[in-house]
Amino acid sequence: MPTRTIDETSTSDPQADAPISPIPCHDESAWLAEMKWAYRDAAALLQRLKLPASLAEGAQQPADSFPLFAPRSFVQRMRSSDPKDPLLRQVLPSAEEAEVHRGFTDDPVADADFAASPGIIRKYAGRALLIATGSCAVHCRYCFRRHFPYSEAPRSLNLWRESLQALSADSSLNELILSGGDPLTLRDLRLGELLELVSQLLPDLKRLRIHTRLPVVIPQRVTAELIELLASRSTRVVVVLHVNHANEIDRTVCQAIDALRSASVMLLNQAVLLRGVNDTLVSQVDLSERLLEVGVMPYYLHQLDRVAGAAHYECDVRLGETLIEQMRGRLPGYAVPRFVRDDPGMPSKSWLA
Ligand SMILES: *Cc1c(COP(=O)(O)O)cnc(C)c1O
Ligand code: SF4
């Protein structure tokens with residue numbers, strides 16, 4: 001980490017208050033600028049939101065190993081002067097992260113045990129997950145990958161080729177999942193190379209799935225090139241977004257989602273049940289309604305993975321079960337996500353409700 005963060009010099013940002021550029025845009029400069037000028041400093045973020053700097057007190061230490069990272073386009077959707085804003089709560093480091101809780105570990109889903117070859121995790125029949133990169137466009141404080149040894153993920157085309165070749169002998173493989181980190185932090189050129197490799201080495205694949213938060217946190221990531229890349233696949237492409245709260249979806253996100261749909265992408269959402277973010281019936285119903293409004297199907301609501309530093313986000317499993325039951329009483333069946341938990345060693349995610 002540089003000792004001077006970008007936000008300390010942000011007066012030189014020419015686009016500080018520029019309106020968000022239209023989507024899809026024709027080059028990558030907009031989203032790369034969003035990455036570059038993202039908030040990396042709690043004091044600057046709190047000042048932007050007219051909140052006291054004391055809210056970040058005591059949080060410095062955990063932030064050092066998994067620093068704050070929140071793009072401006074995401075921050076724009078936070079409410080000013082509201083310390084309980086559900087988007088802010090997802091990204092603001094807190095002193096509670098340093099607390100040690102029994103049962104909360106560095107690799108709660110035991111991914112390390114399921115590493116089939118470098119960067120490939122195989123837990124479930126028919127599906128393989130490729131850690132395409134360790135980078136993300138937002139640092140979610142509750143993330144189960146926050147301690148993941150990303151340096152072991154393949155970084156070059158040759159290493160991707162080796163890992164994918166290892167999968168090509170397996171005729172039971174139907175679906176490749178690009179995950180990370182966030183696979184859409186790869187630039188279009190690199191992503192195109194990866195997708196080409198996938199087509200070459202796994203020609204019988206039925207589906208390509210991409211797990212990403214980028215169209216939500218930086219909607220400008222949905223470039224014309226990306227749409228072209230996705231639209232030209234010979235397999236069905238499924239994009240699983242990660243939206244936890246209805247406030248995350250504004251007009252720009254809606255445009256990015258429309259653009260993805262224009263590439264015939266199937267759109268699903270997964271959320272994590274988070275204390276202080278979306279742990280009420282109203283927030284869950286609003287999230288489902290908002291997702292359907294923009295044409296995204298609620299897929300999973302995850303019980304929090306018990307990762308060290310995230311205990312303050314955990315809700316009781318019974319709360320999740322109750323919320324789902326109450327949602328069933330209010331919404332059409334397709335608007336109710338499955339409440340699941342990642343139990344290591346099981347043949348699928350465990351359906352809790
Ligand atoms: C969650 C997960 C999947 C996908 O599971 P689905 O139930 O198909 O969404 C695949 N591989 C790994 C390693 C996972 O953790
Ligand atoms: S974007 Fe996904 S992988 Fe990255 S920090 Fe957030 S939850 Fe974790």
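**Two cavities and two ligands: a short tour**

Let me open with the second largest cavity: its lining counts eight nonpolar residues, three polar ones and none that are charged. Before I go on, please keep in mind that everything I show today comes from a predicted model.

So who makes up that lining? The residues are N269, A271, Q284, L287, S288, L291, P298, Y300, L301, M327 and P337. Three elements each give two or more residues to it, namely β7, α11 (281–293) and β8. Which of the elements gives the most? That would be α11, with four residues. The volume here is about 60 Å³.

Now, how many cavities of 30 Å³ or more does the structure hold? There are two. Let's move over to the other one, the largest cavity, where the space comes to about 870 Å³. Its lining runs to 42 residues, and the ones closest to the centre are F144, R145, S179, H211 and Q270. If you like to follow strands on the screen, look for β3, β4 (175–179), β5 (207–211), β6 (236–242), β7 (266–272) and β8, since each of these supplies at least two residues of the lining. By class, you'll find 21 nonpolar, ten polar and eleven charged residues around the largest cavity. Put that beside the lining of the second largest cavity, with no charged residues.

What sits in the largest cavity? Ligand 1 does, and ligand 2 sits there as well.

Let's take ligand 1. Around it you can pick out I121, K123, Y124, R127, L129, I177, R209, Y299, Y300, D342 and K349. Two strands, β3 (127–131) and β8 (297–302), each supply at least two residues of this shell. Sorted by class, the shell has six nonpolar and five charged residues, and no polar ones.

Three side chains deserve a pointer here, and each of them comes up against an oxygen atom of ligand 1. For Y300, an N or O atom of the side chain is 2.6 Å from a ligand oxygen. For R209, the corresponding distance is 2.8 Å. And for K349, a polar side-chain atom lies 2.9 Å from an oxygen of the ligand. How much of ligand 1 does the protein bury? Taken alone, the ligand exposes 380 Å², and the protein buries 92% of that.

You may have noticed Y300 turning up twice. This tyrosine is part of the shell around ligand 1, and Y300 also belongs to the lining of the second largest cavity.

On to ligand 2. Its surroundings are C136, V138, C140, C143, G181, R213 and H242. In class terms, that gives four nonpolar residues, two polar and one charged.

One member of that group has something for the backbone enthusiasts. What is the peptide bond from G180 to G181, cis or trans? In this model it is cis, with omega near 20°. As for where to look, G181 is in the loop between β4 and α7 (188–201). So the glycine that follows the cis bond is also one of the residues around ligand 2.

One last backbone stop, and then I'm done. Where is K50 found? It is in the loop between α2 (42–48) and α3 (60–65). K50 has a positive phi of about 55°, although it is not a glycine.

That's my tour. Thanks for listening, everyone, and I'm happy to go back to any of the views!

Key: Residues numbered from 1 in each chain as written. Chains lettered and ligands numbered in written order. Predicted model: local features only at pLDDT ≥ 70, side-chain atom pairs only at ≥ 80, totals over all residues. Heavy atoms only, no water. Near = heavy atom within 4 Å. 1 Å grid on protein atoms, 1.4 Å probe; cavity = no way out; pocket = protein on both sides within 12 Å on 5 of 7 lines; lining within 4 Å. Sits in = over half its atoms within 2 Å of the grid points. Nonpolar A, V, L, I, M, F, W, Y, C, P; charged D, E, K, R; others polar. Polar contact = N/O pair within 3.5 Å; in protein donor to acceptor, adjacent residues only side chain to side chain. Areas by Shrake-Rupley, 256 points an atom, 1.4 Å probe, with all protein chains shown as cover. Points joined across faces, edges and corners; volume = space filled by probe spheres on them.
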